[in-house]
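Me: I would like to go through this model with you before planning anything at the bench. May I ask short questions as we go?

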Amino acid sequence: MAILERKIVHGAESSFSHVVYPRFVLPRHRHAEFELMIFTAGSGKQFVGGGTADYEAGDMALIGSGIPHLHLCDTVLDGGDAVPSAGEALHFPPALFPADMDVLPEYARISQLLRKSRYGLRFRDRVLSGRVLEMMRETDGCDGIRRFVQLLSILDILAKSSDFVLLSDAEYQIDNEVVFGNDPIGRVYTYLADHFREPVELGKAAAYAGMNPASLCRAFRRRTDKSIFRYLTEMRVEYACKLLAHSKQTVSQIAYESGYNNLSHFNRQFRAVTHRTPSDYRRQINADLGLL
């Protein structure tokens, strides 16, 4: 199913970014940058590669370059009065590190840390998490080489910690799925990811991409071998699958959360992608988990 290939744009004076997320809205996605995420509010489930773990405020995770991930807040999973999730992250690209990092003694620990991040790492030391969060925020006041040294210091501290668990049992293997950049097709994919829970109009998507609708449809199909709306459907169904597996919401509520105002239409599109009804999918997941 569709994975958002996210293009992260860093500031003109920096090659990596400190980002504050007041809430999590992206579907399952990935990007070239490593991601160091610290959850600052709320709780929910974190999906990294093939692994899943609960998260709450104070948790910290390191996600490898190109690894698909998703943060689902309990306000989406369970509804009610749960506290909305928020977090702060560092996004930094592999290009910052030397190609022969493994053989450089000064980089050895960091090299091992980044290699392990392909499984997803969850650090359990809350004192360490608080210290790293302060250091992340301090990068905003640094420039030039001082900013890069601050990043290396953060990674060195993490590399010295043994209080972590792997989020996935297996290293995620990068496949040959479509990768989108900042060209018109990449922009329309970003538009779909930002608006997949809303009604999507081809004209607005085309305007965002800077193309006319007919040309956009042809270009998108050439790149993906799918129509724009087929890709949108897969994105919505991917999100719905996560909710069916990990939330207590009804199928009707999940349909609405996934961008469908008509339950029958949701059921038809879900079955077209998964070859099962949403209820059958949930029953199978529960059976696999021993919940039936």
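Me: Which residues does phenylalanine 270 touch, not counting residues up to four places away in sequence?
Reply: This is a predicted model. In it, phenylalanine 270 touches Val237, Ala240, Cys241, Leu244, His275, Arg276, Thr277, Pro278 and Tyr281, with residues up to four places away in sequence not counted.

Me: Which residues have the most contacts inside the largest nonpolar core?
Reply: They are Leu72, Leu216, Leu243, Phe266 and Phe270, in a core of 39 residues. The elements that give two or more residues to this core are β8, α1, α5, α6 (202-209), α7 (213-224), α8 (228-246), α9 (251-257) and α10 (263-274).

Me: And which element gives the largest share of this core?
Reply: That is α8, with ten residues. In general, nonpolar side chains tend to be buried together in soluble globular proteins.

Me: How many residues of α8 are buried?
Reply: Helix α8 is mostly covered, with 16 of its 19 residues buried. From its first C-alpha to its last, α8 reaches 28 Å, close to the 27 Å expected at 1.5 Å a residue.

Me: Back to His275 for a moment. What is the sign of the phi of histidine 275?
Reply: The phi of histidine 275 is positive, about 65°, although this residue is not a glycine. Most residues other than glycine have a negative phi.

Me: Where is histidine 275, then? Is it buried or exposed?
Reply: Histidine 275 is in the loop between α10 and α11 (278-288). It counts as exposed because its relative accessibility is 65%, and exposed means over 50%.

Me: Which residues does the second, separate core include?
Reply: This core has 30 residues, and Phe34, Leu36, Leu121 and Ile154 are among them.

Me: Let us take phenylalanine 34. Which strand is it found in, and is it buried or exposed?
Reply: Phenylalanine 34 is found in strand β4. It is buried, because its relative accessible area is 8% and the limit for a buried residue is under 20%.

Me: What does phenylalanine 34 touch, not counting residues up to four places away in sequence?
Reply: Phenylalanine 34 touches Ile63, Gly64, Ser65, Leu90, His91, Phe92, Pro93, Pro94, Phe97, Leu114 and Ser117 on that basis. Leucine 114 is 80 residues apart from phenylalanine 34 along the chain, yet their C-alpha atoms are separated by 8.3 Å.

Me: Ile154 was in that core too. Which residues of α4 are buried?
Reply: Ile154 is one of them. The others are Arg147, Phe148, Gln150, Leu151, Leu152, Leu155, Ile157, Leu158 and Ala159.

Me: What span should the 17 residues of helix α4 have at 1.5 Å a residue?
Reply: Helix α4 covers residues 144-160 and should span 24 Å, because the expected span is 1.5 Å times one less than the number of residues. The end C-alpha atoms of α4 are 25 Å apart, which agrees.

Me: Changing topic to pockets. What is the volume of the largest pocket, and which residues lie nearest its centre?
Reply: The largest pocket has a volume of about 360 Å³. It is lined by 23 residues, of which Leu4, Arg6, Leu26, His29 and Asp194 lie nearest the centre. Two or more lining residues come from each of β4 (34-41), β8 (69-73) and α5 (184-195).

Me: Which element gives the most to that lining, and how do the residues divide?
Reply: Helix α5 gives the most, with four residues. The lining of the largest pocket divides into ten nonpolar, seven polar and six charged residues.

Me: How much space lies in the second largest pocket?
Reply: The second largest pocket holds about 200 Å³. Of the 14 residues that line it, Arg23, Phe24, Thr75, Val76 and Arg197 are the closest to its centre. Strand β8 gives the most to this lining, with three residues.

Me: Last one, on α5. Is tyrosine 191 buried or exposed?
Reply: Tyrosine 191, which is found in helix α5, counts as buried at 9% relative accessibility. Leaving out residues up to four places away in sequence, tyrosine 191 touches Val200, Lys204, Ala205 and Tyr208.

Notes
Residues numbered from 1 in each chain as written. Predicted model: local features only at pLDDT ≥ 70, side-chain atom pairs only at ≥ 80, totals over all residues. Heavy atoms only, no water. 1 Å grid on protein atoms, 1.4 Å probe; cavity = no way out; pocket = protein on both sides within 12 Å on 5 of 7 lines; lining within 4 Å. Points joined across faces, edges and corners; volume = space filled by probe spheres on them. Nonpolar A, V, L, I, M, F, W, Y, C, P; charged D, E, K, R; others polar. Buried < 20%, exposed > 50% of the residue type's maximum accessible area, 1.4 Å probe, protein only. Contact = heavy atoms within 4.5 Å. Core = buried A, V, L, I, M, F, W, Y, C linked by side-chain atoms within 4.5 Å.
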